[in-house]
Structure formats: C-alpha cells, structure tokens
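Biologist: Could you walk me through one part of this model in detail? I would like a close look at a single contact between two chains, and then at whatever the records mark on the chain involved.

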Amino acid sequence: MTDTQIPFIFDIKRGSLEDGPGIRSTVFFKGCPLRCVWCHNPEAYSADKQMSYDKKQCIGCGSCFKCCPQKAVKIKTTAVIASDKCTACGICAEKCPAKAIRKIGRKYIVKELVDLLLKDKEYYYISDGGVTFSGGEPLMHIDYLHQAVRELKLYSIKCAVQTCGYFDYSAFQEKILPYLDIVYYDIKIWDTKDHKQFTSVNNEKIITNFKRLIKEKNIEVIARTPQIPGVTDTKENIEEINAFLKSYQMPPSVILHYNSGGQQKRENLI
Amino acid sequence: MIQEFLNLILFRTYRAKIKQEELEKLIQSGIADGFLELLLSLMSLMLLIDKEYSKNIENFNAKYVFTNQSGDMYVAAEFEDNILKVSEKKLQNPTFTLIFKDERSLFKFLLSGAPDVLNALLNQEIDFIGNINYIGKFGFMSMHLLLLATGRLCPD
Amino acid sequence: MSTVTLKDISLKEYDLNSFENLKVLRDRLIAAPVEICIERAKFITGYLKKNNQAGDCDAVYRAKAVQNYLINKASVFHDNSLLAGNTTSKGKGAPVYPEFIGLTIWSELETISKREKNPQLLTKEELDILNYEIYPYWIDRDVLATAKSWYGNIKSIQLLEKIMFYVSGKAGCISHTVPDFKRVLKEGLNAVIKEAEEKEKEALTGSGQEAVKHAEFYQSVQIALKGLIIYSSHLAEEARRLSASCTDEKERKRLIRLAEICGQVPAKPARSFYEAVQCIWICLIGIHAESINMAISPGRLDQILYPYYEKDMKDGKLTIKEALEITGCLWLKLGDNVDVVPQASEELFGGAGTAPAVTVGGIDEAGEDAVNDLTYIMLRVTELLKTREPSMNARFHYEKNTREYRDRVCEVIASTLSAPALYNDIENISTLVNQGTRTEHARDYAVIGCVELAAAGRSYDASSSVIMNLAAPLEMALYNGRRYSTGATQWGPQTGEPAAFKDFNEFMNAYKKQAKWLIEQAIDLNERFGAVHQKMLPTPLLSALFEGPMEKGADLIFGGAVYNSSGATHVGFADTVDSLSAVECAVFNEKYCTFEELLNGIKTNFKDREALRQYLLKHTPKYGTDNIFAKKNAKEIISFLYEVYQSHTNYRGGKYRPAYWSMTNHAGQGKITYATPNGRKAYEAFASGITPVSGAAGSITECLNSVAALGSVNIPGGEALNIKFQCLTDKDIPHFGDYIEAYFRQGGQQIQFNIMSYEMLKEAKANPSKYPYLLVRVSGYSAYFNDLNETMQDELITRTQYSVNTGNAILYNK
C-alpha cells in the first residue's frame, strides 16, 4: 500500500466498554462522506491531516512562531494561529513543548496498527471483546481496512464497524464483511430532504445498503440513531425509523445519547 | 557565676514570671532573636522553683551544645546535680549537639508542630550529633515552658 | 473440588441490621479516639529495672519480662464483643514500645492529645509515668540508641538520620510476618510447652555453645507461653466475675461462654469455630505483648479456620449468621490497636493502622481451588463493616478459582470502594519458588501488611527492613555524589559531572553506581540492627507460633524460621525511571537541551524555564506507556536492583528481596526531594508503589500492560499497583474483573483500587464530615481519608483516574 493510500487515523481508544461488547479498542479514521451538523468528532470530516490548537495548554514560549514556514503564527501571551495561512505541515506541533498544538491524524502501516491492537488481546479474549473501527467513516478506506481485519481474524479477534451507511457495498461485501462480526449502522434521519439538510447527503444509498446488509449471514447488525434534540429525536423520525426496522423484523433502533464534545474540538481546529 | 548566684537567691518566682511573659511576647511577635537565651534562662529558673518540673532532671546528667551553622553563636547547657548551668564553655564530648541555621529555625524545630520538624531537618535548618532521644527530652521541657507561658497547659 | 455450599455467595440476606451488636461495636470503634496506653511499657520497664538480667541469658530475660507483663495485664471487657481480650488496656489503644519508637513522642507528650491530625490521648498520670519513669530508663537503651553506642556515628546511621536517603525498618520494628496458628489450634499451647520442656532437657544433655543456645531458646519459649496462658485464665476469671453480677440474661450467657472458652484456649486445643477464633485473637495479643505490632498479619484465615467451621456446621453447632458475627468481632478486634505516631512521621506513615493483613482465596497446597464458604463469609464481613482493619487481600488463580469468585471480589471492591487488593497466584507462587520456597509452601502464601509475600507461618521476611528513596541515587548521579539540599556535602561516590558525559550509558552507570552504594549502606545498617535485635529483642512467643524454630531450637531472630529473607522496598520508582528516560531522550537522543541546561532547569525548579519543563513532561518517554525507552529503562532498573539485592545474604541466612510499595512514603519523600528530570517540580509527591506517574498512562490497558511487563520474578518482595476508577455500576463488574484477569494473564502481580472520582475526593477533603469514614487504599494499606495529611490527600486526589467505560485516563482539572 503506498503512503497516499494509507488513511489518517485520529485516535485509538483502548480499554473501552462503550464501543461494542466486552473490552475493546476503537480505531477512529479520518474522512467522512457526511457532514452532520452535530458531529462530536468534527476533526473526522476531512480525510486529510489537520492541526488542532488548545489555547489553555499554551505557555507562550514562541517556539511555533519561530518555526512556522508560512508565518501563520502571532504571539500575544499565547499563540494565535491564522487558519487561512496554515498548511498543516506539522512542524509547530513537533516543536511545541506543551503539546498545545497537535497534529490530528497519523498514518499507521497495517502491521503497525495490528501490532498495537494486539497488545490488548488478552482483554478481548477474556471479555469477549475485540476491535471496533469507527471515525469518521471507516468504510471509506476499504483496502486498508481489509488488510487490518484479515490480519486480526488470524488471531481470532472479533471486529466491529460503526458506519453511517454511505459506502460502496460491493467492495464492502467482498473485502470487509467476511471478517466482520458486528455492524453498528446509523440510521439518523428518515425523511430524505431533512437528511440532506442536516448531513449534506440524502439517505437513499444508506437505506439501500442497509436492506442488503440485513440479508447477509453471519453478521450482527445493530441499528442506531443519535439523539439530537429537535432534529433526530422527534416523535416522527423515531417512529418512521422503527417502522422501517420492524418491517424487516429488526428490533427498534438503539438511541445514542447526544455527545456535545464537538464544540470545543471545533473551536480548536485550525 | 553572677547568673548562678542570682538564680539561687533573688526573686526567682518573680523573675520566672517576667521571663514567661517575655517568652510569650516573643512567640507572638514571631521574632526569634534572643529565643535560645530566654528559653534556657527561664528553664534554669523553673528547674529551681518548680518542684514538679525539676523532677525532669533528677539523676539526669547530660551536656547539650547549641550552636549555629556559622559557629558564632554557641551555648552550652549542662544538666548536672539537679541544676542546669548555661554558659559559653566549649564542651568536650557533649552528649548532644544541635546545629541550627538561625534562631528562627531552632524555634520552629523545638516548639512548632511536626511539618516544621521534618522540614527543618530536610531544609538543613537543623542538624544534630548524638542520640536523638536527648533532644526529645529537651523538647519536652521546652514545650512545657511554652505551654506555661502561653497559658495552654491544662491541668489534668 | 469445590467446597462452597452457600446458596448465595454474596450472602445478601445478611446486613448490619441482622446482628445485634456488630453495627454498634463498629461505629464505636471507628469513632473512638486513640488512647495512648503505657501498660505494657510500665510492666516491661519495671521488670527490667528491677531485675537487671541477673544471670539470665538474653532470651530468658526477655521472656520473663514479657511473662511479667502478661501476668499483670488487666483483663478488661470494654464492650459486649463476642471475643475477649484487648491488645492494650484501652478500647482503642496506641501502646508505647519504648524499645522501638516509643520515645519519639517525648517532645510532644503535652500536646499529642490536642494536635490537629490524629491526636492520641494521654492522661496526665500516664504522661508522668512515661516522662519520669519509663523514658529515662530507655533514653540510652532503645534500638537506635543502642546501635549508635555500639557502632558510633557510622555513615549508614548518618544516612538514616537524614531521612531523605532511606528509612531502616528495624529502628521501629521487625514484625511484618504471618504467624502459624494451625498448631496451637490443633494441639494447644500446653503441647508446645511440653515439647519445649522435653527439648530443653535434651539440649542440656548436649555440649557446646549451640546446645546451650538451644536450651535457652526452649526455656524462653516455655516462660513466654506460660505468661499467655495465665493471661487467658485471667480473662476467664474476669468474665466469670462479671457474669455473677450481671442482670441481663443474654449478657450473662455471653460472659459465661467466654469464661469457658478462655479456660480452654489457647492452652488446650480449640474444639469449635468460636474457640478457634478466640484462640487466634489471644495469640495475637500475646504476640503484641512481646513486640510491636506493625503488620503482624493473621494470614489465610479462611483456610485455617475452615475445618472448625465445617465441622460445626455439619454438627449443627454453628449457623452462617453466627459465623459472620464472630468473624465480624475478630475484624473489629484487629483494629483495637494502632501505632504511636509522632507528628513528624505523619508525613511518612500518616493514617496507617497496623495493617494486619488477612488473605482469602487462591489455591491450596495441592494446587486446587481453595475458595470455601468462609472465603465468602469473610468477604461479606469486609463488605459490611468497611473498616480499615484488617487489610483485606484476595488471591486469585485464574485457572483454578471460579469466575463467580472473581466477580464477587470485584463486587466487594465496588462496594467498599477500595478493598480487597488482588494477588495473582500464578505469578506470586512462581516468584516464591524462585526464591527457594517449596512449591506446596509457596502455594500456601499469604500477604504481609501492605503487599509483601510470605510462606505463611514458615517465612520470617522482615519486609520493611529498608525503605529506600530511589530519587536519592538519582540526585547523587546528577550532582556527582551530592544531594541538592545539602550543597557541597559529599555523600556517595564520585561518579563524574554529568555535563561531561558523552552518552546516556555513562549516566545510567553513574546512577547504578550510586544506587548500589546506597543499597550497600542500607544493608550494612540492617545487618547491624539485626545484631542489636538478636541481643535485645528475641521473640520466643512469636517463635513458638511458627514452623521452624521448635525444630531448629532457634529463635526467629537467629534464623529459626523455615525460610528467611529481608525485604527492601522502593519509593519513587516511576519518577526515577521517567527521569532516566528524560535524560536519555532530551539530552542524548533528541538533543533538545544540553545536560547543563537540564541541570540548570532542575536546580532552579524550572523558574523561567517552563518550556523545558513542558518538554520534559510531555515529550519524554513515560513508564506506563508502550514507549520502548520507558519500557527498557523500567526493566533495567528492576533487574539491576534485583541483582544487587539478591547478591546479599542477611544475618539470618536469607536473601534480600526488592519490593515496590510505599505506604505514604512517596508523599513524604517527595516532599523533601527537589525537582527531577521528568519534569516533576520540587517537593511534589512521587507516584506510589509501582504505579506510573499520574497522567502518564493515557489508557488503562496501556498502564496495566506496562506494569505486567515488569513481571514478578524480580519483585519477590511484593508490589503495590494503585489504580483509580471513577465509579463502578453493577453492569461494569464483570468487565472490571476482566481487566484484572487480563492483567494477571500478562504477568501482573498485584493490583488494588480506589473507586472514587476527583470530585468526590476533593469534596471529602473540603468537607470531611460528608465522607466520615471514607476508606482509601494508599499504597499497600487502607486508611481513612480524613486521617491523611494534606500532601497525601492531594496525592490521592490527583492520582490518574480512569473511566471504566472508555478506558481513558481522565485529566485532572485543578
């Protein structure tokens, strides 16, 4: 896999009980075809690397000012960074002693990622846990993900994905599905116009993919809906989604409580 | 010599009371200069006039040296034959030597609570040569005077 | 084969209201002020003053003094506990041991009753006896004074008195052991006395010094044990006397029963569960009468008492409720004594009780699941009472113990918020076998005090022989043998000025040289103290309650135990490892700064050098993460210290065993150590035990994996890994157990928890009345949060807190 084909991963959460059964590690990929206005991981929108700056950690030492090739930094007790000038080259993040500036997104070659995930294999085995791939949209990176899940399966590690449903089904079916145990499938908004308004895409592909997925064997599919006040948590939306699910003999959608963590992250993005 | 004579004879109770008041004032002011001299002179008086207090030095023979780090302050306190003799005599083989940074650190060490004791030892405000039990005993005797002077000694 | 017969192992149907008195006794004990007790000091001193050794050998002289005390010890019934006897004359007493640290409170005798932190009450009458009669006798005779008079002001003693290098346990105790109760329960002390009598006769027919020593030992055993039997008979008499004037029928019955029991045990065999428990308690009183109690640990009570429990249950003579109540009374009795603590020691040992460790679970000598009904009864009692004593420890063998047991232990931790601690049987057993313990004996291991490992009833481990500040050799490597606070004083060897070092190896070697030198000083001192103990403080009573001495004819202090060792524990491990890694990375690998710049940084406590400090804090390798340098350096220090210690044999013929627990020393020593290269500012507490520095390990699995990677074969003295979880709900319990098991499966040796959040602890500090008896696990032992000094409370508050849901470390916001 060439360097350009390796996706950016912006976080790997270890020892989590929140992203599937048992104790799991969760890998968060950068890049998403949707632009949900409520997203609590806004750094995941773009598949490219980005910079994040937490003013609270800044000690005003001026290292970033001194090294920035674009002269995008000014110092007024703390650093002020002009996002229009920043090219996300990352030099300032390397120089910043307090790690107030950070690079969001790191490339792992598959072996490196798998080795890291395997460090917690005892926890997965004992708790019937495993690895969850999330993001962003993990299924934007089919080839990379394929190599990772195939490798993990050799160690009998159970894998899950958290998806928004907007992906290339054939590629997924061929390269990911055979190695997967669980799919957490977001069905956010039933009305297609509303869906476009709040996520920037309509939900046709999402629903079509879902209908195909639930016909597959040896895969557990769990529908989920994020609870966004006034948007997704309306009586209508929930009823329509659940009626759809019922018609396919699926249980009602699992409600995900609203995570407001996106706000501060948005502010910190350069 | 004169001091010993005075101690033995004149107005001991009265002078002890005056010194107690001085000690209380000193403690409240927080200025430790002259603390050691005051403490020892009060102690030697009290050992003469307070029968209970004097039991502390029954059959107790020990020589203490108090000196500061620079060496320009030096006091010898000898407990012998049931009295305390304070002088500037250079003692050979003292039982216990306490070396303090300044009188303030000595005061903190002897008469404050614990954190200061530890800090005093470790901030090099205090150093010592000898068996630490001896300063324990001296500390008891000093603390007793402090409690008396500040009215905090509670009868049982 | 499982012996568990309980239908509900959580014994939920029994709570504190199920028992008449347990709640009242418990509340009274916890709320009771500590009273200093001089009874023992008075009788021991009185005897020694009067008799002046008069031709007796050391052992016999000592035994007679102890016997004299036991014979005159007051038999007091302070409350209506189901058990008779008290360590001191008070309900909750701090006995003065003038042979050890009893004189350290001399200067505060008149203020100790009113001091702010942990006052210890002293009556005027008792004060006067201490001041005028007891202390003057011991002023030149306690262990430290004796050592100084024998050896002069040698270097190793100078280092001790500076405090900031190491603490030498023997100035204050040996204690720290697990006695054997199986024999006294089965045969009674009369049988032991008879054996001693016969063996004494036999030894007297022999010739040579050794035969004489044997005879003396056996003679001293008889004297000491007779004293204990007489004390027990006095208890019986007093109980009988009180019953005669008793109007309450239930009360009268209780006293008559106690009179019967104390007439039977410990002289004769225990015939019931109740008698067995009472016997153990009286033996502990005897052990404390002889010498100071610091981590005298009852051991595997669920194993030792099981045969009596099983028989009584089968014969219908005992109910579960009664078993719970009797056990509860023993638990409370274990808290009836604390150590006298001078205010200065609060910084280093603050809030500690005597840490009597009880160990449950694990496997038996045959290697099979040893969990039984009593294991669950004891866990339930611990869960209900939530007292500091005993220090509860649960052994877990992940192949032989059941998941139900594992999860039940986790439930109790979630309920008590901090107890029990967990021990990995597979690792600990193999570690002990590696130290020369027979496999069956290793399988029978129990915990001492904090976290140390004993072959129960067979090994004399003196596990607090050395408590070393690992940052001391670090400073000496940085300052060419000097310490920051003492300027030009040359303490250790000259290892060179680091500014001239060409590579990291030079610095690591300098560190090792300083550490080795300091270890040798500490060992030298321990050996010398050992000789003082041999002369002054043989312990025939304890020796009689042990496997080995009676066979060998030698007191424990002369190597009588089956196995011998000395424990040396270390404070500041994580900070030291991180500091070495910081030097390696910042100075040599990344060349972020020169060594001189680094030294200037720490010498000024990073004044105007915040960028440097931030770099050291955030860019250098941290133990607790996967970073290869951090892992390498951690492993290197662990193996190096192990090699150094194990190359030394102690005065009893056993090896030195390194350990990594710290009690509150990490706060105390941190408070007196200047800034360190890992970015730690001057006077901040170190990380506790073997735990990574707070904030270093971002996720719980990373943290656990790092500690597990250290293994346990090089940590034969035991370790304390302190993990804080935010909170645990019922549904978290199975996964909580999974974390622990996965950690054990990777080689983790020990783990203990505080299930509390930053907010909760901050609140408890600000409003103590809101959390009156909040039990926290410090670093090896439990303490009530309110008893801890401010530095220690702050250290607990700022310890990394993990979310059990996300696995992430939650950053502390001031």
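Modeller: Happy to; here is the contact of chain C with chain B, followed by the annotated part of chain C. Please keep in mind throughout that this is a predicted model.

Let's begin with how the chains are arranged. There are 2 pairs of chains in contact, and chains A and C share the most contacts. Chain A and chain B are not joined by any contact, and their closest C-alpha atoms are 31 Å apart. The pair to look at here is chain C with chain B, where 32 residues of chain C meet 30 residues of chain B. Together the two chains bury about 2700 Å², and carbon and sulfur atoms account for 59% of that area.

Now for the polar side of this interface. The rule finds 2 salt bridges between chain C and chain B. In one of them, the side chain of K124(C) pairs with that of E52(B), with 3.5 Å from N to O. There are also 10 residue pairs in polar contact across this interface, counting pairs with both residues at pLDDT 80 or more. On the chain C side, at least two residues each come from helix 4 (124–138), helix 5 (143–151) and helix 6 (155–162). Helix 4 of chain C gives the largest share, with 7 residues. Sorted by class, the side of chain C that touches chain B is made of 13 nonpolar, 12 charged and 7 polar residues.

Next, the records for chain C. An unreviewed UniProt entry lists residues 688–805 of chain C as "domain: Glycine radical". In the model this span is 35% helix and 15% strand, and its end C-alpha atoms lie 24 Å apart. UniProt, again in an unreviewed entry, puts the feature "modified residue: Glycine radical" at G780(C).

Where does that glycine sit? G780(C) lies in the loop that runs between strand 16 (775–777) and strand 17 (782–784) of chain C. Its relative accessible area is 0%, so G780(C) counts as buried, the cut-off being under 20%. Leaving out residues up to four places away in sequence, G780(C) touches S391(C), G449(C), C450(C), V451(C), A720(C), N722(C) and Q752(C).

If you have the structure open, you could start from the salt bridge of K124(C) with E52(B), and then turn to the loop of chain C that holds G780(C).

Technical notes
Residues numbered from 1 in each chain as written. Chains lettered and ligands numbered in written order. Predicted model: local features only at pLDDT ≥ 70, side-chain atom pairs only at ≥ 80, totals over all residues. Heavy atoms only, no water. Contact = heavy atoms within 4.5 Å. Buried area = accessible area lost by both parts, 1.4 Å probe. Salt bridge = Lys/Arg side-chain N within 4 Å of Asp/Glu carboxyl O. Polar contact = N/O pair within 3.5 Å; in protein donor to acceptor, adjacent residues only side chain to side chain. Helix = DSSP H or I, 4+ residues; strand = E, 2+ residues; numbered from the N terminus. Nonpolar A, V, L, I, M, F, W, Y, C, P; charged D, E, K, R; others polar. UniProt positions renumbered as here; feature names shortened; annotations may be inferred. Buried < 20%, exposed > 50% of the residue type's maximum accessible area, 1.4 Å probe, protein only.
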